[in-house]
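Welcome! Here are a few short exercises on reading a protein model and its ligand, each with a worked solution.

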Amino acid sequence: MNPDLSKLQPYPFEKLAQLKAAVTPPAGLPHIALSIGEPQHPSPAFVQQAMIDNISRLENYPTTKGLPELSSTIANWLQRRFTLETIDPVTQVIPVNGTREAIFAFTQAAVDRSQPDALVVSPNPFYQIYEGAAYLAGATPYFLPCLAANNFHPDYKAVPADVWERCQLLFLCSPGNPTGAVLSFEQFAELIELADRHNFILASDECYSEIYVDGKEAPMGLLEACARMGRHDYKNCVVFHSLSKRSNLPGLRSGFIAGDAALLKPFLLYRTYHGCAMPLQTQLASIAAWNDEQHVAENRDLYTQKFRAVLDILSPVLPVQQTDASFYLWVETPINEETFAQQLFAQQNVTVLPGSYLSRTVNDINPGKNRVRMALVAGVDECIEAAQRIRAFVESL
Ligand SMILES: Cc1ncc(COP(=O)(O)O)c(C=O)c1O
């Protein structure tokens with residue numbers, strides 16, 4: 001088997017299961033999970049109906065490129081949401097079976113294995129697929145710490161020029177998982193300029209772009225930054241978007257990649273061999289979801305309510321702050337993060353994720369140390385209940 005498989009780390013939730021197995025939570029308290037980033041809000045009934053209405057399409061093979069109606073729906077959504085002057089649904093959009101699959105597959109197609117010292121540069125903490133995708137593509141991940149001192153963004157200016165020279169792919173995650181940090185136009189513009197100068201690809205994972213606090217400005221995206229700079233070919237740039245968080249459809253497995261046609265053309269070729277065409281009933285249900293914004297606004301409203309209530313309860317006992325976007329709180333803990341998560345589970349039957357399960361130690365710095373990630377994915381009442389139990393736990397320390 002491929003020896004690079006041995007470089008893959010256990011997934012954070014495997015580590016978490018082991019941590020929790022050592023203790024027993026109180027039987028009288030129902031379990032509340034703030035650990036997995038799986039939205040618990042109901043998925044839209046009209047999307048479910050579109051699946052049912054189109055179930056007979058199981059009879060047809062889908063194409064890798066997908067239905068022209070799906071690509072044009074996505075292009076229209078991108079144009080509206082990110083005020084793009086132009087985006088070509090034929091050459092600049094490909095539907096994908098969720099961004100996890102696409103991030104992994106794109107990395108395989110993008111890395112030039114003839115360069116033995118190829119780097120894939122990633123934020124730290126990070127979504128673990130970036131790391132595994134880099135290893136299996138024959139590259140080495142290079143992690144940039146995202147620390148509170150720099151508003152949880154990597155300090156790109158501190159990266160040595162030889163790293164940029166070896167970099168083939170730079171992952172951005174905005175809004176960030178787990179920090180919620182959002183890149184500004186100025187930051188995107190600097191990175192686009194850097195990618196031009198050193199000839200690497202910018203891959204912007206934007207699957208949380210629609211989860212932001214009501215009344216705040218919608219997060220900017222990489223294509224939007226390109227458009228503002230007059231770069232309508234999106235040279236060197238791709239973005240990943242998903243219906244999982246936006247529309248509470250993690251089980252639909254539907255998203256897209258969009259951007260530079262010169263990158264998407266070979267990626268489409270890769271995908272035809274990879275065999276990952278989206279089923280037709282999924283495509284038709286996705287069209288319904290991308291065309292509706294009302295359910296997305298309602299979703300945001302629920303997250304806004306949860307953030308307000310949870311921050312009110314926790315802020316007297318923990319240094320919690322509203323993040324720019326996403327549904328996560330990235331909370332500094334008064335004790336070691338693993339002990340915090342384990343004892344919180346043991347005493348209050350609430351699960352949170354130790355920050356260090358989402359990060360790596362580089363130069364003795366681990367940005368996930370003494371932090372936990374809380375995903376406000378449960379219902380409003382359950383999140384409030386969880387916050388009260390976390391507060392009681394912290395007060396007991
Ligand atoms: C940062 C980030 N990217 C990508 C994904 C994958 O989402 P999906 O494959 O459901 O689109 C997730 C899911 O949790 C995530 O947190």
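A polar contact is a pair of N or O atoms within 3.5 Å. Keep in mind that the model is predicted.

**Exercise 1.** Find which atoms of R100, N177 and S244 pair with oxygen atoms of the ligand.

*Solution.*
- Step 1: Start with the backbone. An N or O backbone atom of R100 is 2.9 Å from a ligand oxygen.
- Step 2: Turn to side chains. In N177, a polar side-chain atom lies 2.7 Å from an oxygen of the ligand.
- Step 3: In the side chain of S244, an N or O atom is 2.6 Å from a ligand oxygen.
- Step 4: Check how much of the ligand is covered. On its own it has 390 Å² of accessible area, and the protein covers 92% of this.

**Exercise 2.** Describe where the ligand sits and what surrounds it.

*Solution.*
- Step 1: Locate the ligand: it sits in the largest pocket.
- Step 2: Ask which elements give two or more residues to the shell around it. These are α4 (99–110) and α9 (243–246).
- Step 3: Look at the shell itself. The ligand is surrounded by 13 residues, with T99, D205, Y208, S242 and S244 the closest.
- Step 4: Sort the shell by type: four residues are nonpolar, five polar and four charged.

**Exercise 3.** Decide whether the radius of gyration of the protein chain agrees or disagrees with that of a compact globule.

*Solution.*
- Step 1: Get an overview. The chain contains 14 helices and 12 strands, and its C-alpha trace spans about 60 × 55 × 45 Å along the principal axes.
- Step 2: Compare. A compact globule of 397 residues would have a radius of gyration near 21 Å, and the protein chain has 21 Å, so the two agree.

Terms used. Residues numbered from 1 in each chain as written. Predicted model: local features only at pLDDT ≥ 70, side-chain atom pairs only at ≥ 80, totals over all residues. Heavy atoms only, no water. Near = heavy atom within 4 Å. Polar contact = N/O pair within 3.5 Å; in protein donor to acceptor, adjacent residues only side chain to side chain. Areas by Shrake-Rupley, 256 points an atom, 1.4 Å probe, with all protein chains shown as cover. 1 Å grid on protein atoms, 1.4 Å probe; cavity = no way out; pocket = protein on both sides within 12 Å on 5 of 7 lines; lining within 4 Å. Sits in = over half its atoms within 2 Å of the grid points. Helix = DSSP H or I, 4+ residues; strand = E, 2+ residues; numbered from the N terminus. Nonpolar A, V, L, I, M, F, W, Y, C, P; charged D, E, K, R; others polar. Rg over C-alpha atoms; globule rule 2.2 N^0.38 Å.
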